[in-house]
Amino acid sequence: MTKRQITVGQLFATLFISRMITNITYSSTISSSNSIWDQIISSGVAFILTFFMIIPVYLICNKRESMNIADMSYFLIGKIGIIFVFIYAVYYIFICIYSLSLFNNFVTNVMDPNISIILMSIAVMITASYAAFKGIEALVRASGFILFLIILAGIFIIISLFPQINALNYEPLMYDGNQDVVKGVILMLSTTSCIPAMAMLIPLAKGKVKKGIVLWNVAIYASIAVFIFAIVGTLGDYVKTQLFPVYTASMIAGIGFLKNLDSLYLGIWTTGLFIKVSLFLLLFSMCIKRVFGDLAGRISIFIGAFFVVVISVLANSTQYFNGYIYNINFLFGFTLLTSIIIPLILLIVDFIKSRRRKESEKVKL
């Protein structure tokens, strides 16, 4: 059982940061798309589909408002529910690995190659572990301040890019077919890790959850569309050759005496990464706590952080781990499992049990 600890506004501000970091770290490493411009259509399609993806999580959390997805798993199917809790725990730690390994990839290939990836990863995870250990209330308070800075920096970068947009860079949409649109939709939905996060966090939030979901989704996909429009208009075909196109765009952006806003971009990514990894470490520990108790949940934060560092560093140096971590089809399936399939199974079990209970009550009468 859980109690309300945060507001809906704090919840979706934190989730907005988590998703925005995914948006600005778009990389050719994880996307096989040839046309980013076609993905402006993908953002509209994914925007609608995201609402449908949220429905099962919202309904299962709304069934018994004090229970998260881990509590509901035990409540509805007993000890077998540990399987579902374990799946969510693995998913949350996988998102930490994915996020940190992508950052390591950026540092290795774009920044100073002499920077120690191991030391940098350890530093990130130590701070993230501390934040997760302090709990959800401290984390969302920090998120409010960081969100303000990220929005300010993002607006500044976008505004600085608009004067450099060339209309000739926009080729006809779906010029080579709809393959890139489909790939874009899959990419955007696969990285919607916030929905499985909601399965644990909605019961903690007080306020109008529906309103928060709508505003969050609108803000996410509106920002995606704006980023695509600005980057394609600025870089043109050059965008296809860039490992991290948003970073490249920030390097050529500038207003007045402020030139090369790549440091601003790096600041957004670093602070956002801190929030995202801290949040998903905390969610991982909540799953462990549900199975093994409070002490195990607290210790699991540091154990989980250790595995995140090890695997993300290995992913940066070996192709074997890369094949799984950056496999968009694997991530898509994992996200669908935790966003739709498991919540739907629990909803069906709850429906069957409720129906049997009503029938048994009728028989007694």
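Is Ile126 buried or exposed? Select Ile126 and look. This is a predicted model. Ile126 counts as exposed, because its relative accessibility is 55% and the cut-off for exposed is over 50%.

**Stop 1: around Ile126.** Show helix H5, residues 117-134. Ile126 is found in this helix. Now add Phe306. In sequence, Ile126 and Phe306 are 180 residues apart. In space, their C-alpha atoms are 9.3 Å apart.

**Stop 2: the aromatic rings.** Switch on the side chains of the aromatic residues. Across the whole structure, a search finds 20 aromatic pairs. One of them joins Tyr91 and Tyr92. Their rings meet edge-to-face, with 6.2 Å from centre to centre and 70 degrees between the planes. Tyr91 and Tyr92 are both buried.

Next, select Phe306 and Phe307. These two also form an edge-to-face pair. The centres are 5.7 Å apart, and the planes make an angle of 75 degrees. Phe306 is exposed, at a relative accessible area of 52%. Phe307 counts as partly exposed, at 45% relative accessibility.

**Stop 3: a cluster.** Return to Tyr91 and Tyr92, then widen the selection. Add Tyr88, Phe94, Phe280, Phe330 and Phe334. Ring pairs link these residues with Tyr91 and Tyr92 into a cluster.

**Stop 4: arginines over rings.** Pick Arg290 and Tyr74. The charged end of Arg290 sits over the Tyr74 ring, 4.3 Å from the ring centre. Then move to Arg298 and Phe133. Here Arg298 lies over the face of Phe133, and the distance to the ring centre is 4.9 Å.

Technical notes
Residues numbered from 1 in each chain as written. Predicted model: local features only at pLDDT ≥ 70, side-chain atom pairs only at ≥ 80, totals over all residues. Heavy atoms only, no water. Phe/Tyr/Trp six-rings, centres within 6.5 Å; stacked < 30°, edge-to-face > 60°. Buried < 20%, exposed > 50% of the residue type's maximum accessible area, 1.4 Å probe, protein only. Lys NZ or Arg CZ within 6 Å of the ring centre and 35° of its normal. Helix = DSSP H or I, 4+ residues; strand = E, 2+ residues; numbered from the N terminus.
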